[in-house]
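Here is a set of questions and answers for a reader who is meeting this structure for the first time. Please look over the sequence and the model before reading on.

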Amino acid sequence: MSDYALFIAVFLACLVEAVEATTIVLAAGTARDWRSATYGLVAGLVALTVIVVVFGPAISLLPLAALRLVVGGLLLVFGLQWMRKAILRASGYKALHDEDAIYRREVAEARAAARGGRHGVDDWYAFTLSFKGVLLEGLEVAFIVLTFGTIQHRIPEAALAAAIAVVIVAIAGIAIRKPLARVPENTMKFIVGVMLTSFGIFWGAEGAGANWPGADGALLVIIPSVAVGSLLLVAILGRRHRAIASAVVAPASVAVGVHAGSATAAAVVADDEMEELTDAQAPSGAAAASAPHVRRTVGASLLAFWEFLYDFIVGDDWQITAGIVLAFAVTALVSAAPGAWWVVPIAVLALLPYGTLRAIRAH
């Protein structure tokens, strides 16, 4: 992979995560208390630094084949999730990601929450909302930087790309103090999804023992192939969505029917980023500090951590992850064969439409 490809992939991925984290911090500061939100931001950055310092060197100690296998699998989990959401939005089955709407919702919920301070922080709700938002989004940034940088032996370049993305978003957020609603996030997520999926295919197959024709040059075929396949899926699903919507439109009330049809028969999927932001919120600052409440809070925190860890490793569709693991296993079994590298691309070619259709049926 060239320095330019590494920089672009890390930059775009980190730009998306930085926009989402900035939206949360801005909502906490605008609706609640800027000082407490800033403390949460700083605390989140400190926690991220500690995690990177502690676990970062451990990544470089892994054998390169094992590292490529694990990183390839996780990149495929991330990439296929991002691709699926972008495809659903582009084809009309899912509402476009709207940072402005998420920002307004976060502000409304933050204002409705009771106020209260703890541990020297004036507004504990604003602190925890900002802290968790920065930490959760930042973990993905740290993972992308460490894995891409370690495998390519270019951690400084990857860190520079991430830093530039974060600084750009932070400056824009401070300057306008509102969500970066004009950022074409769905387009960026589609591009990043293509990049993550492509690198996941390449590194995962290599980690399982396959040899790519042309070595790194295979990426020049993998990336456009994934992009073309995804755009083809968008076109097919978009046509299907329009056909279903048209079928339920009442002739007597076209304007009303189109809206109702696309909401019912087209099965528009709710924006799950808004649910993720809600999950990142902490209990209200006015909660009593009784022992039973503390026990419930600790239990809820452990459950929330487990759910985050599960989502981080397995993703939102365990069948897709199982398919990725199976593809790696088959590749390892036939790794001595000249065409072993075909297994993972074929699996992804089947898993992406399968997971997308499952998401449509589920909603």
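Q: Does V50 count as buried, partly exposed or exposed, and what is the relative accessibility behind that label?
A: The model is a predicted one, and in it V50 is found in helix 2, which covers residues 34–61. Buried would require under 20% relative accessible area and exposed would require over 50%. V50 falls between these limits and therefore counts as partly exposed, with a relative accessibility of 45%.

Q: Which residues make the nonpolar surface patch of about 550 Å²?
A: V50, the partly exposed residue of the previous answer, is one of the members of this patch. The others named with V50 complete the set, which reads V42, V46, V50, V53, V54 and F55.

Q: How many helices and how many strands are there in the chain?
A: Read from the N terminus on, the elements run α-α-α-α-α-α-α-α-α-α-α-α-α. The count for the chain is accordingly given as zero strands and 13 helices.

Q: What percentage of the residues of the chain count as buried?
A: The accessible surface of the chain comes to about 17,300 Å², and 71% of that surface belongs to carbon and sulfur atoms. Turning from surface to interior, the share of the 363 residues that count as buried is 47%.

Q: Which helix supplies the largest share of the largest nonpolar core?
A: The largest nonpolar core has 68 residues, and V10 and F148 are those with the most contacts inside it. At least two residues of this core come from each of helix 1, helix 3, helix 5, helix 6, helix 7, helix 8, helix 12 and helix 13. The largest share, 13 residues, is that of helix 3.

Q: Which residues are in contact with V10, leaving aside its neighbours within four places in sequence?
A: V10 is one of the two residues with the most contacts inside the largest nonpolar core, and the other is F148. With close sequence neighbours left aside, F148 is also among the contacts of V10, and the full list is I144, V145, F148, A158, A161 and A162.

Q: Why is S198 called buried, and what is its relative accessible area?
A: S198 lies in helix 7, and beyond its neighbours within four places in sequence it is in contact with L219, I222, I223 and V226. Of these contacts, L219, I222 and V226 are among the buried residues of helix 8. A residue is called buried when its relative accessible area is under 20%, and S198 meets this limit because its value is 0%.

Q: What distance separates the C-alpha atoms of I324 and G73?
A: I324 has its place in helix 12, residues 318–333, and it is buried, with a relative accessible area of 5%. Leaving aside neighbours within four places in sequence, its contacts are G73, L76, V77, L80 and L351. Although I324 and G73 are 251 residues apart along the chain, the separation of their C-alpha atoms is 6.8 Å.

Q: How far apart are the end C-alpha atoms of helix 13?
A: L351, one of the contacts of I324, is listed among the buried residues of helix 13. Helix 13 has 20 residues, so at 1.5 Å a residue it should span 28 Å, and this agrees with the distance between its end C-alpha atoms, which is 28 Å.

Terms used: Residues are numbered from 1 along each chain as its sequence is written. This is a predicted model: local features need pLDDT of at least 70, side-chain atom pairs count only at pLDDT 80 or more; totals for chains, interfaces and linings use all residues. Side-chain values use heavy atoms; hydrogens and water are left out. Helices (H or I, at least four residues) and strands (E, at least two) are DSSP runs, numbered from the N terminus. Buried means under 20% relative accessible area, exposed over 50%, partly exposed in between (1.4 Å probe, protein chains only). Contact means heavy atoms within 4.5 Å. Patches are made of residues with over 30% relative accessible area and no salt bridge: like charges are joined within 9 Å, nonpolar side chains (Val, Leu, Ile, Met, Phe, Trp, Tyr) within 5 Å. Accessible areas come from the Shrake-Rupley method with a 1.4 Å probe; for residues, only the protein chains shown count as cover. A salt bridge is a side-chain nitrogen of Lys or Arg within 4 Å of a carboxyl oxygen of Asp or Glu. A nonpolar core is a set of buried Ala, Val, Leu, Ile, Met, Phe, Trp, Tyr and Cys residues joined through side-chain atoms within 4.5 Å. The expected span of a helix is 1.5 Å times one less than its number of residues.
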